[in-house]
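Please open the model in your viewer and keep the sequence beside it, since this tour moves from one selection to the next.

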Amino acid sequence: MLHVEALKKAPPATKENQSAATKDDTKFTLALDVSDFKPEEVDVKVYGHELSVRARQECEEHGFFTARQFNRHFVLPQEVDMDTLVPRLAKDGVLYIEADKRTLRQLEIVMDT
């Protein structure tokens with residue numbers, strides 16, 4: 001299990017760096033390189049603050065069977081608003097998972113009289 005720590009201005013996902021997370025004051029973004037997979041082979045699931053990204057590709061060619069698999073599991077920071085989580089696949093094969101960041105409420109302290 002990989003805990004995603006929010007980073008500011010993280011590098012984009014590449015073959016050498018399979019994922020990158022960024023967060024500013026209002027948004028959280030996770031970028032994963034899934035360019036080796038077709039969109040229908042990629043599966044994104046959420047349970048609580050846990051995010052699971054899986055991809056599986058099977059191919060049979062000339063009597064040979066090959067399979068490729070990608071599994072990543074993240075525990076997202078508590079300030080990520082999971083109800084706004086949206087996965088978006090770019091043309092270059094990078095899967096962006098974006099969500100709004102919850103704002104903290106300032107509570108007023110009430111004095112007993």
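A residue counts as buried when its relative accessible area is under 20%, and as exposed when that value is over 50%. Keep this cut-off in mind while you look at what is a predicted model.

Begin with the whole protein chain, coloured by secondary structure, where you will find zero helices and eight strands, which follow one another along the sequence as β-β-β-β-β-β-β-β. Of the 113 residues of this chain, 32% count as buried.

Next, select phenylalanine 37, which has a relative accessible area of 11% and is therefore buried. Add phenylalanine 70, which also counts as buried, at 10% relative accessibility. A search of the whole structure finds one aromatic pair, and these two residues, phenylalanine 37 and phenylalanine 70, form it, in a tilted arrangement with 6.4 Å from centre to centre and 55 degrees between the planes. Because phenylalanine 37 lies in the loop between strand S3 (27-33) and strand S4 (42-47), while phenylalanine 70 lies in strand S6, the pair ties together parts that are 33 residues apart in sequence.

Now move to leucine 85, in the loop between strand S6 (64-75) and strand S7 (86-89). Is leucine 85 buried or exposed? With a relative accessible area of 16%, leucine 85 is buried. Leaving out residues up to four places away in sequence, leucine 85 touches Val46, Leu51, Leu76, Ile97, Glu98 and Ala99. Finally, select valine 46 together with leucine 85: they are 39 residues apart in sequence, and their C-alpha atoms are 9.1 Å apart in space.

Definitions and conventions: Residues are numbered from 1 along each chain as its sequence is written. This is a predicted model: local features need pLDDT of at least 70, side-chain atom pairs count only at pLDDT 80 or more; totals for chains, interfaces and linings use all residues. Side-chain values use heavy atoms; hydrogens and water are left out. Helices (H or I, at least four residues) and strands (E, at least two) are DSSP runs, numbered from the N terminus. Buried means under 20% relative accessible area, exposed over 50%, partly exposed in between (1.4 Å probe, protein chains only). Contact means heavy atoms within 4.5 Å. Rings of Phe, Tyr and Trp (its six-membered ring) pair if their centres lie within 6.5 Å; planes under 30 degrees apart count as stacked, over 60 as edge-to-face and the rest as tilted.
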